[in-house]
Amino acid sequence: MTNFDYRDGELFCEDVSVADLAEQYGTPLWVYSKAFLLGQLRQIQIAFAEVDPVICYSVKANSTLGVLKVMHEAGSSFDVVSGGELYRVKASGADTSKVVFAGVGKTDDEIRFALENDILMFDVESEAELDAIAAVAGSMGKIGRVALRLNPDIDAKTHAKTTTGKKGNKFGMDIERFRELAAKVLRDKRLALKGIHMHLGSPILTTDPYEAAGAKAIEVVEALRRDGHDINWINLGGGFGISYRENEGLPASEYAKVIVPAVKAAKCRLALEPGRFIVGNSCVLISRVVYTKREGGKLFVIQDGAMNDLIRPAMYDSFHRVWPVKPAVAMPSNVEGEIAGCEKTDVVGPVCESSDYFAKDRYLPPMQRGDLMAIFSAGAYGTAMSSNYNSRPRATELLVDGTTVKVIRRRETYADLVAHELDV
Ligand SMILES: *Cc1c(COP(=O)(O)O)cnc(C)c1O
């Protein structure tokens with residue numbers, strides 16, 4: 001159940017016709033299912049219930065206020081990676097006491113902002129950052145609660161641009177430095193070590209990396225306790241994979257099977273930072289065919305949606321299912337390879353870059369100028385990475401709840417495009 005289904009030959013989001021939404025709100029258009037968002041969060045809450053986890057939805061996956069509001073109303077907290085994300089969490093009406101703050105380059109201003117808001121803890125990535133947190137906390141008469149981010153040297157087998165837990169990338173620290181820094185925290189009254197943080201990369205479609213990380217966490221927690229630390233949090237980050245193609249995503253319960261026993265063995269509390277798992281399949285991007293074009297032996301279907309809306313294919317060669325909103329051929333469960341009644345097609349946007357595409361060499365039903373296309377699994381790292389490249393206004397975002405539709409972000413106007421530029 002994805003909450004995006006074809007009924008009588010046309011795509012619905014929950015109980016609303018997507019074509020009707022495109023007619024009313026224009027294209028390109030982001031359409032979210034609230035039921036899907038809530039269902040994914042609930043799946044994690046249930047799978048890990050035994051250890052009463054703090055779920056910190058990762059704001060960077062999708063930072064739209066309407067999404068953050070759905071999350072905190074359903075009991076989620078947040079993982080932020082910048083002051084701006086923390087500001088968004090507050091603006092959505094959420095409480096900040098369970099927020100965790102990750103990222104390799106926190107500035108003093110961002111640290112101060114987080115301390116003012118009494119967040120749960122910082123995920124610390126280096127000694128220099130630890131020193132900065134101590135200095136800022138000291139100047140405010142506060143204690144900086146920290147988890148140190150361990151680079152566990154685990155290969156999560158993701159794309160080179162999204163792996164983070166392997167030796168030689170910029171995230172976290174190795175075990176030797178971890179213990180050195182832990183000892184330093186113990187001597188510093190301005191800091192308190194609360195836990196260990198690991199985020200292995202994304203998307204991860206097997207449980208082995210989490211099992212290995214869990215084993216490592218137990219070892220580190222026990223060693224730290226022997227050193228006199230009152231450590232009680234294990235934060236295993238995010239990275240749970242989803243189904244972009246067919247049914248390759250695992251249910252949360254599979255990850256829980258390897259994570260929960262480790263957390264219990266370490267007698268710790270668990271924090272998780274899922275992003276993609278919650279939002280990835282909660283949203284489709286709807287675009288309209290502007291032109292079709294045959295050139296150089298290829299068929300191009302040119303959309304009004306583009307890489308400025310959804311940059312993932314250009315950035316990491318990522319795969320998105322695409323299929324017409326009112327298709328001449330029903331969408332098969334596997335959209336890769338040859339499909340009867342379909343022709344090999346490139347689905348591209350109008351931006352002046354060869355990397356502006358949504359799908360290449362994909363078998364698709366015949367499409368004409370004016371037809372609507374659905375680009376699936378667009379909820380994670382979609383709107384959050386949207387830009388105004390080619391001076392294209394960012395698109396409307398709609399939240400569907402049953403038969404109800406709410407605009408959670410209005411389409412930008414041409415005036416919005418230049419609103420921040422002064423004195424010309
Ligand atoms: C990006 C990120 C996440 C979320 O990753 P997903 O794959 O979207 O679940 C969680 N934690 C940290 C530290 C991150 O950088």
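Is Asp 118 buried, exposed or partly exposed? The legends below take this residue up after the ligand site and the sheets. The model shown is predicted.

**Figure 1. The residues around the ligand.** The ligand is surrounded by 15 residues. The closest are Lys 60, Ser 202, Glu 273, Arg 276 and Tyr 381. Sorted by type, the shell has 3 nonpolar, 7 polar and 5 charged residues.

**Figure 2. Contacts between the ligand and N or O atoms of the protein.** The side chain of Glu 273 places an N or O atom 2.6 Å from a nitrogen atom of the ligand. For the side chain of Asp 79, an N or O atom is 3.3 Å from a nitrogen atom of the ligand. Gly 239 takes part through its backbone: an N or O atom there is 2.8 Å from an oxygen atom of the ligand. On its own the ligand has 390 Å² of accessible area, and the protein covers 94% of it.

**Figure 3. Strand E10 and the strands that pair with it.** In general, strands of a sheet pair through backbone hydrogen bonds, and the pairing is either parallel or antiparallel. Strand E10 spans residues 191–197, and 6 of its 7 residues are buried. Strand E9 (residues 144–149) pairs with E10 in the parallel sense, over 6 bridges. Strand E11 (residues 233–235) also pairs with E10 in the parallel sense, over 3 bridges. Ile 196 of E10 can be used as a landmark: Leu 148 stands opposite Ile 196, and Ile 196 stands opposite Ile 234 in E11. Between E10 and E11 the chain passes through helix H8 (residues 208–226), and this β-α-β crossover is right-handed.

**Figure 4. The open sheet E1-E2-E3.** Here 3 strands form an open sheet with antiparallel pairing, in the order E1-E2-E3. Strand E1 (4–7) and strand E3 (16–17) are the edge strands, and each pairs on one side only. E1 and strand E2 (residues 10–13) run antiparallel and are joined by 4 bridges. In this pair, Phe 4 stands opposite Cys 13 in E2.

**Figure 5. Two cis peptide bonds before proline.** Most peptide bonds are trans. The bond that joins Thr 27 and Pro 28 is cis, with omega about -10°. Pro 28 is in the loop between helix H1 (18–25) and strand E4 (29–33). The bond from Ser 202 to Pro 203 is also cis, with omega near -10°. Pro 203 belongs to the loop between E10 and H8. Ser 202 has appeared already, as one of the closest residues to the ligand.

**Figure 6. Two aspartates with positive phi.** Most residues other than glycine have a negative phi. Asp 118 is not a glycine, yet its phi is positive, about 45°. Asp 118 sits in the loop between helix H5 (108–116) and strand E8 (121–124). The opening question can now be answered: Asp 118 counts as partly exposed, because its relative accessibility is 42%, and partly exposed covers values between the 20% limit for buried and the 50% limit for exposed. Asp 317 is not a glycine either, and has a positive phi of about 50°. Asp 317 is in the loop between helix H11 (312–316) and strand E15 (322–324). With a relative accessible area of 58%, Asp 317 is exposed.

How values were computed: Residues are numbered from 1 along each chain as its sequence is written. This is a predicted model: local features need pLDDT of at least 70, side-chain atom pairs count only at pLDDT 80 or more; totals for chains, interfaces and linings use all residues. Side-chain values use heavy atoms; hydrogens and water are left out. A residue is near a molecule or strand if one of its heavy atoms lies within 4 Å of it. A polar contact is a pair of N or O atoms within 3.5 Å; within protein, one must be able to donate a hydrogen and the other to accept it, and residues adjacent in sequence count only if both atoms are side-chain atoms. Accessible areas come from the Shrake-Rupley method with a 1.4 Å probe; for residues, only the protein chains shown count as cover. Ala, Val, Leu, Ile, Met, Phe, Trp, Tyr, Cys and Pro count as nonpolar, Asp, Glu, Lys and Arg as charged, and the others, Gly among them, as polar. Buried means under 20% relative accessible area, exposed over 50%, partly exposed in between (1.4 Å probe, protein chains only). Two strands pair if DSSP finds at least two bridges between them. A crossover is right-handed if, with the strands pointing away from the viewer, the path from the first strand over the helix to the second runs clockwise.
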